[in-house]
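Open the model in your viewer and keep the selection box at hand. The stops below go from one selection to the next.

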Amino acid sequence: MQDGQAPSFFSDWSGMITEYRLDNGLRILHEPLPHLRTVALGLWIGTGSRHESAEDAGLSHCMEHMLFKGTQRRSASDIARQIDRLGGHINAFTAKDCTCFHTKTLGADLPEAMDIIADMAVSPLLKAEHLELEKQVIIEEIGMVEDYPEELVQDLVAERTWEGHPLSLPILGTKERVSAFTAAQLARFHRERYVPDNAVLSVAGDVEANRLLELAQERFGGWHRGHIAETPVEAPRFRHSFTIQKKKTEQAHLCLAFPGVSMDEADVWPLMVLNSILGGGMSSRLFQRIREELGLVYSVYSFPTSYREGGLFSVYAAAAPKKAREVLRHMAAEIGRMATEPVPDSEFADAVRQLRGGFLMGLDSTNGHMMAMGRNRIVSGRIQQTEEALAAIDAVTPDAVAALSRRIFLGRNAAFAGVGGLSLQDSILTDFHY
């Protein structure tokens with residue numbers, strides 16, 4: 001076991017984040033928070049839908065499910081029962097750029113929680129009969145998304161806008177692809193992707209460093225090293241598209257997309273301030289104008305999505321089909337204002353304060369600290385300290401937001417997807433040519 005890098009102070013009121021590395025390559029992040037009684041643990045795997053081939057599309061998410069189906073030492077019910085007995089929580093999620101298995105327990109119960117996670121990750125059964133059953137569960141999950149048009153339309157706009165790029169692939173895969181998965185395919189994927197060099201163990205809360213490292217060596221020290229051969233992926237090319245999926249829904253679901261920024265760009269924080277102003281909360285321009293003043297919708301918001309290779313900036317609303325055209329016209333007006341008019345000083349200051357407060361409140365639990373550390377390390381390759389992030393937020397200027405707004409919105413940058421009983425034409429996109 002070796003120390004990977006010098007400790008760094010995360011902030012005045014939290015513990016010290018230290019990174020260690022086991023001999024097999026597993027990176028361990030530790031942030032002691034001794035004033036809390038809980039500990040959050042996350043095993044992050046650098047594998048998501050963007051790492052998949054067309055044949056494997058959806059396999060990262062399938063693997064997430066299968067790790068809960070039993071190990072050499074535990075059945076699926078044993079995993080659930082042992083965590084429940086502790087009063088703890090266990091869960092997992094798959095994203096486009098990573099997969100995470102996480103627990104939250106009392107500090108005294110960390111040994112058992114870590115043993116369960118290590119057992120699942122290193123020694124899963126991956127039986128063919130379990131896979132056949134779980135395929136049906138995943139197909140039902142895909143069906144749930146299809147019945148949830150807010151999520152469906154957002155997936156649709158990304159799929160069309162980034163068509164041909166791995167980031168366009170749905171995380172869940174398709175019913176046809178999932179139905180074709182085999183146990184041999186799953187075992188090969190686990191062997192190639194689930195290796196300590198491609199993993200980060202992130203732990204925050206009531207545990208001392210020596211105890212954590214002792215536990216990690218016991219539970220993960222025997223995990224055999226493997227080599228990840230990553231194929232470089234080019235940045236996705238933004239495609240102007242117009243897509244409507246007819247579906248019997250009470251409301252029409254509308255999603256616009258514009259070119260965003262990648263997670264490593266300096267414009268990430270100006271983008272977050274821009275989002276706060278335009279559609280990031282109840283005081284935002286879109287919410288106040290389209291919902292509060294005009295009463296055209298119940299839900300309207302904007303959101304940025306950033307990955308290493310690129311990003312999108314999206315705007316969503318749900319409205320009665322007969323009001324969709326009017327909603328889009330007012331969206332266009334507010335987006336145009338962002339691109340062509342300066343933001344008043346008071347509105348800018350409020351957006352920065354909102355972003356600052358939301359960032360800090362996201363670290364108000366052991367789970368928040370664990371998630372922030374683990375995701376940053378596995379996806380971007382580094383940890384962003386609190387002071388660094390707050391300094392970056394405070395350094396955002398109105399000029400930077402204005403320049404980014406022009407970059408994103410000016411020109412012919414819009415793409416559109418709609419779900420529901422819509423009769424719109426692609427000529428609506430001319431509303432977004434500024």
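**Starting at strand S4**

This is a predicted model. Select strands S4 and S8 (residues 199–205): they run parallel and are joined by six bridges. At Pro-32, look across to S8, where the bridge partner is Gly-205. Now colour S4, residues 27–32, by accessibility: five of its six residues are buried, so the strand is mostly covered.

Next add strand S3 (residues 16–21), which runs antiparallel to S4 and is joined to it by four bridges. Pick Tyr-20 and find Ile-28 of S4 opposite. Five residues lie between the strands of this S3 and S4 hairpin, and one stop there is Gly-25, with a positive phi near 105 degrees.

**Helices H3 and H8**

Select H3 (residues 110–122) together with H8 (residues 209–220). Their axes come within 9 Å and cross at roughly 30 degrees, and the crossing is right-handed. Show side chains at the contact: on H3 these include Leu-110, Met-114 and Ile-117, and on H8 they include Leu-212, Leu-215 and Phe-220. The contact residues divide into ten nonpolar, three charged and no polar.

**The five-stranded sheet**

Move on to the open sheet with strand order S9-S13-S10-S12-S11 and mixed pairing. The edges are S9 (242–245) and S11 (299–306); each has a single partner strand, so one side of each lacks a neighbour in the sheet. From one strand to the next the twist averages 15 degrees.

Inside the sheet, select S10 and S12, which pair in the antiparallel sense over eight bridges. Cys-255 has Tyr-316 of S12 opposite. Then add H9, which lies across S11 and S12 and runs at about 175 degrees to S11.

**The largest nonpolar core**

Which residues touch the most other members of the largest nonpolar core? Select Leu-256, Val-273, Val-327, Leu-328, Met-331, Phe-409 and Phe-432 out of its 50 residues. Elements giving two or more residues to this core include strands S10 (252–259) and S12 (311–319) and helices H9 (268–278) and H11 (324–340). H11 gives the largest share, eight residues.

Centre the view on Phe-432. Among the residues that Phe-432 touches are Leu-256, Phe-258, Leu-328, Met-331, Ile-335 and Phe-409.

For the last selection, take Ile-28, Phe-181, Phe-189 and Val-207: they are among the 46 residues of another core, which lies apart from the largest one.

Conventions. Residues numbered from 1 in each chain as written. Predicted model: local features only at pLDDT ≥ 70, side-chain atom pairs only at ≥ 80, totals over all residues. Heavy atoms only, no water. Buried < 20%, exposed > 50% of the residue type's maximum accessible area, 1.4 Å probe, protein only. Pairing = 2+ DSSP bridges. Core = buried A, V, L, I, M, F, W, Y, C linked by side-chain atoms within 4.5 Å. Contact = heavy atoms within 4.5 Å. Axes fitted to C-alpha atoms, helices over the stretch in contact; angles between N-to-C directions. Left-handed = near helix turned anticlockwise from the far one by under 90°. Nonpolar A, V, L, I, M, F, W, Y, C, P; charged D, E, K, R; others polar. Lists of a residue's contacts leave out its neighbours within four places in sequence.
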